[in-house]
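Good morning, and thank you for making time for this item. I should like to take you through one model, and I ask that you keep the sequence and the structure in view as I speak.

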Amino acid sequence: MPDAATSASRAPDVVLLDALSSALAEAADTVGEAARYASGLALGARLPVTALARGGRCRLAWRTLLRTLTDPAGLGWAPRGRGAAGAGRLAGLLARRESLAVSVAVCGLRARIGAAQAGVHGGPADPGAAAVLTAAGEGRPAEAARLFRALVRDRGAGRAFVLLAPSFADILAWDALTDTNPFNDHAGWQVATCRAAPAEPILGLGAAFLALCDRDRGPAPGGAADRPAPQSAAARSRGAGRPQRPAPRPADSGARIRRARGPEQVSAGLRGHAGALRAHARRLHAAVVPAAAVWPGPRAEVLRAEVTALAGRCDTAANGFALAAAQLDAARTER
């Protein structure tokens, strides 16, 4: 009875942290798609050629998009896609430039790990597993991944996965998104957003070959993306036995707005992504207040400040997209 009562009393905490992690995962996906759309415009062929040939408001809109894609107070270093955008992304990874999409995804992974810890009363009894979760909770993903690999070597893969399930996938995804290796980011991104996405070839090489090149010394990395998406902490606290499917995306997320062709569709697409970013910023503001109130220890204020800052950066990026759309509309009237 005491265990049941304790579990029931902690269930609301798990649900609140789970809601925040879901909001962060969907916001990261939306930020990434908005950055991909803007990268296709600013670093493609049509808009730069038109801007350089005509100048005026069209060139101003192009510069606004470039500033929005590289604004540390907004999207950070955000080129995504193929061609020049892909080269820019690799350059940013090598230079350790921060991206808003990755920062939001990493924050969501931390919240998900915290929700998993809250769903287990007292935390794991095994000292090795406790050390892994402590390093992850304190924001040291590389050390957490190293400790996890050591746990796999010492206890075996099956025992390590039982001790840390389902947090081991989140820890490895966190490490993949924050290290300097660009070839494991796709796997980390799938785990962080709970949504499968096709991997784009790099230098003509497929994802399977790149995953082979990314094999680490330990046996754990490389398989995180092949496992099902981690079960939500709320479902685990209720004792659910089946893995959950990813929650349906909200209608206003704007993550899959089609790439536009005409100038009217271009400005409408930018406004659509701006509206999606603002909607997710509002959702993050609403989700972080109750979640931070139940976050264990003194990290509550740190979590609240971090999520609030990320939401503010979403608003800043939305303002940049809206300004570029208005400048493109004005450029059409100059003809």
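Let me begin with disulfides. How many disulfides does the count come to? The count comes to 0 disulfides, and I would remind you that we are reading a predicted model. For this count, a disulfide requires a pair of cysteine sulfur atoms within 2.5 Å. Two cysteines deserve a word on their surroundings. C107 has 0% relative accessibility, and because the threshold for burial is under 20%, C107 counts as buried. C314, with a relative accessible area of 1%, is buried by that criterion.

C107 leads us to E306. Where is E306 found? E306 lies in helix α14, which spans residues 299-333. Setting aside residues up to four places away in sequence, E306 touches C107 and R110. Is E306 buried, exposed or partly exposed? With a relative accessible area of 24%, E306 is partly exposed. I would also point to V288: in sequence, E306 and V288 are 18 residues apart, and their C-alpha atoms are 9.5 Å apart in space.

Let me now turn to the chain as a whole. The protein chain has 14 helices and 0 strands, so that its pattern along the sequence reads α-α-α-α-α-α-α-α-α-α-α-α-α-α. Of its 335 residues, 46% are buried. Taking contacts between residues at least 6 apart in sequence, 73% join residues at least 24 apart.

One helix pair merits closer inspection. The axes of α7, residues 141-155, and α9, residues 167-178, come within 9 Å and cross at roughly 130°. That angle makes α7 oblique to α9, because it falls neither over 145 degrees nor between 65 and 115. The crossing of the two helices, α7 and α9, is left-handed.

Which residues meet there? On the α7 side they are P141, A142, A144, A145, F148 and R149, and on the α9 side F168, I171, L172, W174, D175 and T178. The residues of this contact between α7 and α9 divide into 9 nonpolar, 1 polar and 2 charged.

I close with D175, which has its place in helix α9. Is D175 buried or exposed? D175 has a relative accessible area of 11% and is therefore buried. Beyond its neighbours within four places in sequence, D175 is in contact with P141, A142, A145 and R149. These four partners are listed among the α7 residues that meet α9. Thank you; I am glad to take questions.

Notes. Residues numbered from 1 in each chain as written. Predicted model: local features only at pLDDT ≥ 70, side-chain atom pairs only at ≥ 80, totals over all residues. Heavy atoms only, no water. Axes fitted to C-alpha atoms, helices over the stretch in contact; angles between N-to-C directions. Parallel < 35°, antiparallel > 145°, perpendicular 65-115°, else oblique. Left-handed = near helix turned anticlockwise from the far one by under 90°. Contact = heavy atoms within 4.5 Å. Nonpolar A, V, L, I, M, F, W, Y, C, P; charged D, E, K, R; others polar. Buried < 20%, exposed > 50% of the residue type's maximum accessible area, 1.4 Å probe, protein only.
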